[in-house]
Amino acid sequence: MSALKISNISKHYGAIKALNDVSLTIEPGQVVGLMGDNGAGKSTLVKVIAGNFAPTHGEIYISGKKVNFHKPLDAQRAGIEVVYQDLAICNNLTAASNVFLGRELTRQLGPIRVIDYAAMRTKSAELFARLKSETRPRDLVRRMSGGQRQAVAIARTLLSDAKIVLMDEPTAAISVRQVAEVLNLIRYLRDQGISVVLISHRMPDVFQVADRIAVLRRGTLVASKNVSDSSPEEVTGLITGAIEAA
Ligand SMILES: Nc1ncnc2c1ncn2[C@@H]1O[C@H](COP(=O)(O)OP(=O)(O)O)[C@@H](O)[C@H]1O
Ligand SMILES: [Mg+2]
């Protein structure tokens, strides 16, 4: 059964049709590269799936069940996690505190409950080890490399037992070596059976890691096909409109 099925999704912002009748199915453990020019509707699609706002039309199914998200927490509870471009992590906190942000572990201390930093460090060390990341729980995020920050964001998705991870331009602002780390993290998620939607402008990244490629042009899905049946040239043509659809 598909992990995620979006069916005839449209999203209008007033007169702007950001998404027109988009349908897409993603299997468990599949990595979909979502590509398109600026303004094509990629982030809007992510936000609809993640419960930031309701679509104007259309339905979303998770593992075959129709869902109606009213807020991001609804999507999160259904197993959807988003890694945003800015990663939405706090520079002034440690890696461990970021992993548990908003869901801190607590313990009883006499009559009160206090945050259990030791337990959060132990659990996040475990997650970083699983991700083969050198990130240490006590490290301050502001001193970390881009790749380590990604590991923090992804550890958060593992903590929440996500089924679907949506990544909006995760490799836009990081170095080549860090890009390789992020691609490895994506492969790790895939190997756990987690589905990943990777939004990226970087053709080589998408072709290295994705199983399928979906292309949006001005809010319309103009292709959704196996990477092995496509090429960077075709995708470029689809993005620009030189190729109508494929
Ligand atoms: N909150 C908003 N209000 C009005 N228009 C928006 C809003 N967010 C995005 N848009 C418009 O919707 C279209 C798709 O935007 P977006 O999803 O951000 O594209 P992408 O992520 O592919 O660059 C663009 O025309 C953009 O200007
Ligand atoms: Mg965007």
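How many bridges join strand S1 (residues 4-13) and S2, and in which sense do the two pair? I looked this up at the start of my work on this predicted model. S1 and S2 pair over seven bridges, in the antiparallel sense. I noted one position in this pairing: Lys5 stands opposite Thr25 in S2.

**Entry: the open sheet**

I then traced the sheet to which these strands belong. Four strands make up an open sheet, and their order is S2-S1-S4-S5, with antiparallel pairing. Strand S2 (16-26) and strand S5 (65-67) are the edge strands; each has a single partner strand, so one side of each has no neighbour in the sheet. I recorded an average turn of 30° between neighbouring strands of this sheet, with direction ignored. Helix H1 (residues 42-49) lies across S1, S2 and strand S4 (57-62), and I noted that H1 runs at about 115° to S1.

**Entry: Ile60**

I selected Ile60, which is placed in strand S4. Is Ile60 buried or exposed? Its relative accessible area is 5%, and the cut-off for buried is under 20%, so I entered Ile60 as buried. I listed its contacts, leaving out residues up to four places away in sequence: Ile60 touches Leu4, Lys5, Ile6, Ile9, Val48, Ile49, Lys65, Lys66 and Val67. I also checked Ile60 against Leu24: the two are 36 residues apart in sequence, and their C-alpha atoms are 9.8 Å apart in space.

**Entry: Asp168**

I turned to a charged residue, Asp168, in strand S9 (residues 164-168). Asp168 is buried and yet has no salt bridge. The nearest side chain of opposite charge is that of Lys47, 6.3 Å away, whereas a salt bridge requires a distance within 4 Å. What does the side chain of Asp168 make a polar contact with? I found the side chain of Ser43, at 2.7 Å.

**Entry: strand S11 and its partners**

I examined strand S11 (212-217) next. Six of the six residues of S11 are buried, so I describe this strand as largely enclosed by the rest of the structure. In a regular strand the side chains alternate between the two faces of the sheet. I checked the directions here: Arg212, Ala214 and Leu216 point one way from S11, while Ile213, Val215 and Arg217 point the other way.

Two pairings of S11 went into the notebook. With S3, S11 pairs in the parallel sense over four bridges, and the bridge partner of Met35 in S11 is Val215. With S12, S11 pairs in the antiparallel sense over six bridges, and Ile213 has Lys225 as its bridge partner in S12. S11 and S12 form a hairpin with two residues between them, and Arg218 in the turn has a positive phi of about 45°.

**Entry: a further hairpin**

I looked up the hairpin of S7 and S8, which has two residues between the strands; Gly110 takes a positive phi near 60° there. Strand S7 (residues 106-109) and strand S8 (residues 112-115) pair over four bridges in the antiparallel sense. I noted Ile115 in S8 as the bridge partner of Thr106.

**Entry: helix H8**

Which residues of helix H8 (residues 232-240) are buried? I entered Glu234, Val235, Gly237, Leu238 and Ile239. The elements covering these buried residues include strand S3 (31-35), helix H7 (203-209), S11 and strand S12 (220-226). I closed the entry with Gly241, which follows H8 and has a positive phi, near 100°.

Definitions and conventions
Residues are numbered from 1 along each chain as its sequence is written. Chains are lettered from A and ligands numbered from 1 in the order in which they are written. This is a predicted model: local features need pLDDT of at least 70, side-chain atom pairs count only at pLDDT 80 or more; totals for chains, interfaces and linings use all residues. Side-chain values use heavy atoms; hydrogens and water are left out. Two strands pair if DSSP finds at least two bridges between them. Axes are lines fitted to C-alpha atoms, for helices over the stretch in contact, and angles run from 0 to 180 degrees between N-to-C directions. Contact means heavy atoms within 4.5 Å. Buried means under 20% relative accessible area, exposed over 50%, partly exposed in between (1.4 Å probe, protein chains only). Lys and Arg count as positive and Asp and Glu as negative; His and the chain ends are not counted. A polar contact is a pair of N or O atoms within 3.5 Å; within protein, one must be able to donate a hydrogen and the other to accept it, and residues adjacent in sequence count only if both atoms are side-chain atoms.
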